[in-house]
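This report describes the fold of one protein, beginning with its general features and ending with its surface. Please consult the sequence and the structure shown below while reading.

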Amino acid sequence: MFGRHDPDAALPVDPDVGVPALHVRPSSIAAVALGGLLGTAARYGLGVAFPETAEQWPFTTFAINVAGAFLLGGLLEALARSGQDSGWRLRVRLGVGTGLLGAFTTYSTLAVDTDLLLRANQRWTAICYAFGSLAAGLVATVLGIAASAWMTSRSAEEAT
């Protein structure tokens with residue numbers, strides 16, 4: 001422009017230039033929001049169906065977090081084995097992984113429940129609950145990954 005030459009005209013064009021970042025794309029925001037709506041409703045429903053008191057082991061929150069860890073491990077393993085994180089896989093990861101399972105699990109409630117147990121002078125229960133939840137979540141994640149890996153490898157064997 002105005003008689004100047006681009007000194008880098010020979011450089012390749014970046015294909016990502018002009019593409020909005022993932023976290024600001026309306027489709028990404030919608031997928032996470034929809035999944036979050038469903039995950040929150042599911043967690044709320046379980047909380048209503050299986051209410052807890054402040055002085056007992058929070059079984060509902062414990063079960064929700066362990067189940068969510070298992071499902072998230074399995075989902076992410078299945079998606080990783082099925083191809084690149086783009087297209088439908090990206091939408092499933094955002095909608096189900098980040099939105100639904102992110103809203104379904106509730107590690108903030110784990111912290112609140114632990115605090116309530118401590119305030120009720122149930123220190124041993126609080127410690128077991130906090131560390132037990134984290135350990136069970138870790139084991140559930142590994143089991144979810146292993147189950148998903150087993151299922152996808154079995155499907156691949158049957159297809160050949």
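## Overall architecture

Two residues are in contact when heavy atoms of theirs lie within 4.5 Å. Among contacts in this protein between residues at least 6 apart in sequence, 72% join residues at least 24 apart. The model under discussion is a predicted one.

The secondary structure consists of five helices and zero strands. Read from the N terminus, the order of elements is α-α-α-α-α. The protein has 160 residues, of which 26% count as buried. It exposes about 10,600 Å², and carbon and sulfur atoms supply 69% of that area.

## The packing of helix 2 and helix 3

How are helix 2 and helix 3 arranged relative to each other, parallel or antiparallel? Helix 2 spans residues 59–82 and helix 3 spans residues 88–104; the two pack at an angle of about 170°, and their axes are 10 Å apart. Because angles over 145 degrees count as roughly antiparallel, helix 2 is described as roughly antiparallel to helix 3.

Both helices supply residues to this contact. On the side of helix 2, the participants are Ile64, Gly68, Leu71, Leu72, Leu75, Leu76, Leu79 and Ser82. Helix 3 contributes Trp88, Arg89, Val92, Arg93, Val96, Gly97, Leu101 and Phe104.

## Ala69, a buried residue

Helix 2 also contains Ala69. Is this residue buried or exposed? Ala69 has a relative accessibility of 11%, and the term buried applies under 20%; Ala69 therefore counts as buried.

Which residues touch Ala69, if its neighbours within four places in sequence are left aside? Ala69 is in contact with Thr105, Tyr107, Gly137, Ala140 and Thr141. Thr141 illustrates how residues separated in the chain can meet in the fold: Ala69 and Thr141 are 72 residues apart in sequence, yet their C-alpha atoms are 5.0 Å apart in space.

## A nonpolar patch on the surface

Tyr107, listed above as a contact of Ala69, also takes part in a nonpolar surface patch. Together with Trp124, Ile127, Phe131 and Leu134, Tyr107 makes a patch of about 600 Å². The largest share of the patch, four residues, comes from helix 5, which covers residues 123–159.

Ile127 is one of the residues of the patch and is found in helix 5. Its relative accessibility is 43%. Since partly exposed describes values between the limits of 20% and 50%, Ile127 counts as partly exposed.

Definitions and conventions. Residues numbered from 1 in each chain as written. Predicted model: local features only at pLDDT ≥ 70, side-chain atom pairs only at ≥ 80, totals over all residues. Heavy atoms only, no water. Patch = residues over 30% accessible without salt bridge, like charges linked within 9 Å, V, L, I, M, F, W, Y side chains within 5 Å. Areas by Shrake-Rupley, 256 points an atom, 1.4 Å probe, with all protein chains shown as cover. Salt bridge = Lys/Arg side-chain N within 4 Å of Asp/Glu carboxyl O. Buried < 20%, exposed > 50% of the residue type's maximum accessible area, 1.4 Å probe, protein only. Axes fitted to C-alpha atoms, helices over the stretch in contact; angles between N-to-C directions. Parallel < 35°, antiparallel > 145°, perpendicular 65-115°, else oblique.
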